[in-house]
Amino acid sequence: MADANISRNPDPGDQENTLHALLAAIDRETAQELALDAASLKERAARNIRKKKPYIAFALGHDEMALPIGSVQEIGYLPPVTPLPNIPPWIRGIVQIRGEILSVVDCCLLFGIKEVGHHLRPSYVLFAHQDLKLCLMVDRIAGVVNVDERHDPLLPFTSEYGEHLSGLAPFFKGVHVAGERTVHILDDQKMGSSPLIVQWQ
């Protein structure tokens with residue numbers, strides 16, 4: 001009779017052990033699923049990042065331009081420029097940046113863009129393409145623009161964006177519009193191979 005009572009009334013300690021084992025099994029299964037979900041989210045985020053191409057944006061007058069980040073070696077405030085004789089007016093002179101002597105190209109003068117004139121100090125974009133390296137003088141650096149050209153293709157440049165940009169239009173890859181922001185994306189290949197620019201590097 002005593003044995004029958006024991007079988008009908010299991011040891012509470014055994015019940016507790018069984019419950020812990022069940023909870024541990026659930027935790028293991030849940031942890032595996034969460035790990036798979038996290039890995040999936042990371043992979044999806046990485047794919048989204050890879051789809052977006054980063055550009056360095058900068059202002060020329062009232063307009064915003066951008067160059068592929070791979071063609072920009074450095075940005076910053078323009079150091080003192082040493083003028084040189086017998087050069088076009090859009091070549092402001094030369095500067096020394098990290099031990100290199102570079103020509104300074106005034107993009108507004110070169111492409112006929114009206115300067116804003118209220119910036120305290122002009123900035124520069126150190127543009128590099130193959131053997132060409134130039135210091136592009138710009139009004140200010142506007143940051144990084146990430147463009148997903150697959151899902152948000154660039155628009156072709158038209159006169160509605162301004163006749164004053166016609167001198168720079170041959171170098172446009174397209175126009176990126178995000179809300180009220182319009183960024184003219186420059187083609188680094190075309191700029192880097194332009195005879196007009198290359199001869200004055």
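User: Over how many bridges do strand β6 and strand β7 pair?

Analyst: In this predicted model, strand β6 covers residues 123–129 and strand β7 covers residues 132–138. The two run in the antiparallel sense. One pair of bridge partners consists of F127 and L134, the latter in β7. The number of bridges between β6 and β7 is 7.

User: Which strands are the edge strands of the open sheet with the order β3-β6-β7-β5-β4?

Analyst: This open sheet has 5 strands with mixed pairing. An edge strand here pairs on one side only. From one strand to the next, the twist averages 30 degrees. The edge strands are β3 (72–77) and β4 (91–97).

User: What is the strand order of the open sheet whose edge strands are β8 and β9?

Analyst: This open sheet also has 5 strands, and its pairing is mixed. Its edge strands, β8 (140–147) and β9 (172–178), each pair on one side only. The twist averages 30 degrees from one strand to the next. The order is β8-β1-β2-β10-β9.

User: In β10, which residue is the bridge partner of A178?

Analyst: β9 pairs with strand β10, which covers residues 181–186. The pairing is antiparallel and extends over 6 bridges. Within β10, the partner of A178 is R181.

User: Where is Q130 found, and what is its phi?

Analyst: Most residues other than glycine have a negative phi. Q130 is not a glycine, yet its phi is positive. Its relative accessibility is 75%, so Q130 counts as exposed. Q130 lies in the loop between β6 and β7, and its phi is about 55 degrees.

User: Is N86 buried or exposed?

Analyst: N86 is located in the loop between β3 and β4. Although it is not a glycine, N86 has a positive phi of about 60 degrees. Buried would require under 20% relative accessible area, and exposed requires over 50%. Because N86 has a relative accessibility of 77%, it counts as exposed.

User: Which residue supplies the backbone oxygen that lies 2.8 Å from a polar atom of the side chain of S71?

Analyst: S71 is placed in the loop between β2 (63–68) and β3. With a relative accessibility of 2%, S71 counts as buried. Leaving aside neighbours within four places in sequence, S71 is in contact with L126, F127, A128 and D188. The backbone oxygen at 2.8 Å from a polar atom of the S71 side chain belongs to P68.

User: Why is C108 in no disulfide with C107?

Analyst: A disulfide is a covalent bond between the sulfur atoms of two cysteines. A disulfide needs the two sulfur atoms within 2.5 Å. The closest cysteine sulfur to that of C108 is in C107, and the separation is too far for a bond because it is 7.1 Å.

User: What is the relative accessible area of C107?

Analyst: A search of the whole structure finds 0 disulfides, and C107 is in none. C108 is buried, with a relative accessible area of 4%. C107 is likewise buried. The relative accessible area of C107 is 4%.

User: Over which residues does pLDDT stay under 50?

Analyst: The chain averages a pLDDT of 80, and 73% of the residues score at least 70. For the stretch in question, the model has 0 contacts beyond four places in sequence. The stretch where pLDDT stays under 50 is residues 1–7.

Technical notes
Residues numbered from 1 in each chain as written. Heavy atoms only, no water. Pairing = 2+ DSSP bridges. Helix = DSSP H or I, 4+ residues; strand = E, 2+ residues; numbered from the N terminus. Axes fitted to C-alpha atoms, helices over the stretch in contact; angles between N-to-C directions. Buried < 20%, exposed > 50% of the residue type's maximum accessible area, 1.4 Å probe, protein only. pLDDT = per-residue confidence, 0-100. Contact = heavy atoms within 4.5 Å. Polar contact = N/O pair within 3.5 Å; in protein donor to acceptor, adjacent residues only side chain to side chain.
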